[in-house]
Amino acid sequence: MGASYVTVPSPQGNGSIKGYLVRPVSADTREATALKLPGVLVVHENRGLNPHIEDIARRLALANFMAFAPDALTSVGGYPGDDMKGGELFGKVDRAKMGEDLYASAVWLKGRADCTG
């Protein structure tokens, strides 16, 4: 599977949000355009984009979906590598801006040329 970390613009939120994008390799062809796939936004709980959430995104890609898991902790430095610390950081995030960041992630995913919506 093809996986990468990407940054998505979020002008109404915190400016941008980072996340983990995964597509099955079988969808990438030698054609000029990649195969279109349905998109799934994977939203984490109050700990951030931890390894478990990344694994969920990969499992969705194995089921022939394009998955994007945004890190709602981007504005406070991103997932710190520890779930307990991630939970503490979650309380410091501006909720309205976080909502806009997640919305921007969904719009970005849906609008990709290789996504069916």
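**Talking through the chain and helix α3**

Modeller: Among contacts in the protein chain between residues at least 6 apart in sequence, 67% join residues at least 24 apart; contact here means heavy atoms within 4.5 Å. This is a predicted model, where local features need pLDDT of at least 70, side-chain atom pairs count only at pLDDT 80 or more, and totals for chains, interfaces and linings use all residues. Residues are numbered from 1 along each chain as its sequence is written, and side-chain values use heavy atoms, with hydrogens and water left out.

Colleague: What makes the protein chain as compact as a globular protein of that length?

Modeller: First, the layout: the pattern along the sequence is β-β-β-α-β-α-α, with helices (H or I, at least four residues) and strands (E, at least two) taken as DSSP runs, numbered from the N terminus. The radius of gyration, taken over C-alpha atoms, is set against the globule rule, 2.2 Å times the number of residues to the power 0.38. For 117 residues the rule gives 13 Å and the chain has 14 Å, which is close, so the chain counts as that compact.

Colleague: Why is Val93 called buried?

Modeller: Buried means under 20% relative accessible area, exposed over 50%, and partly exposed in between (1.4 Å probe, protein chains only). Val93 has 6% relative accessibility, so it counts as buried. Val93 sits in the loop between α2 and α3 and touches Ala72, Leu73, Ser75, Val76 and Met98, leaving aside residues up to four places away in sequence. Ser75 is 18 residues from Val93 in sequence, yet their C-alpha atoms are 7.1 Å apart.

Colleague: How do you know that the span of α3 is close to the expected one?

Modeller: The expected span is 1.5 Å times one less than the number of residues. With 17 residues (95-111), α3 should reach 24 Å, and from first C-alpha to last it does reach 24 Å.

Colleague: And what puts the buried residues on the same side of α3?

Modeller: Those residues are Met98, Asp101, Ala104, Ser105 and Leu109. They cover an arc of only 130 degrees around the axis, so they share one side of α3; the arc is that of the directions from the helix axis to the C-beta atoms. An α-helix has 3.6 residues a turn, so residues three or four places apart point the same way.

Colleague: Which elements do the buried residues of α3 pack against, and which exposed residues are on the face turned away?

Modeller: They pack against β1 (2-10), β2 (15-23), β3 (39-41), β4 (66-70) and α2 (83-90). The face turned away carries the exposed residues Ala96, Tyr103, Lys110 and Gly111.
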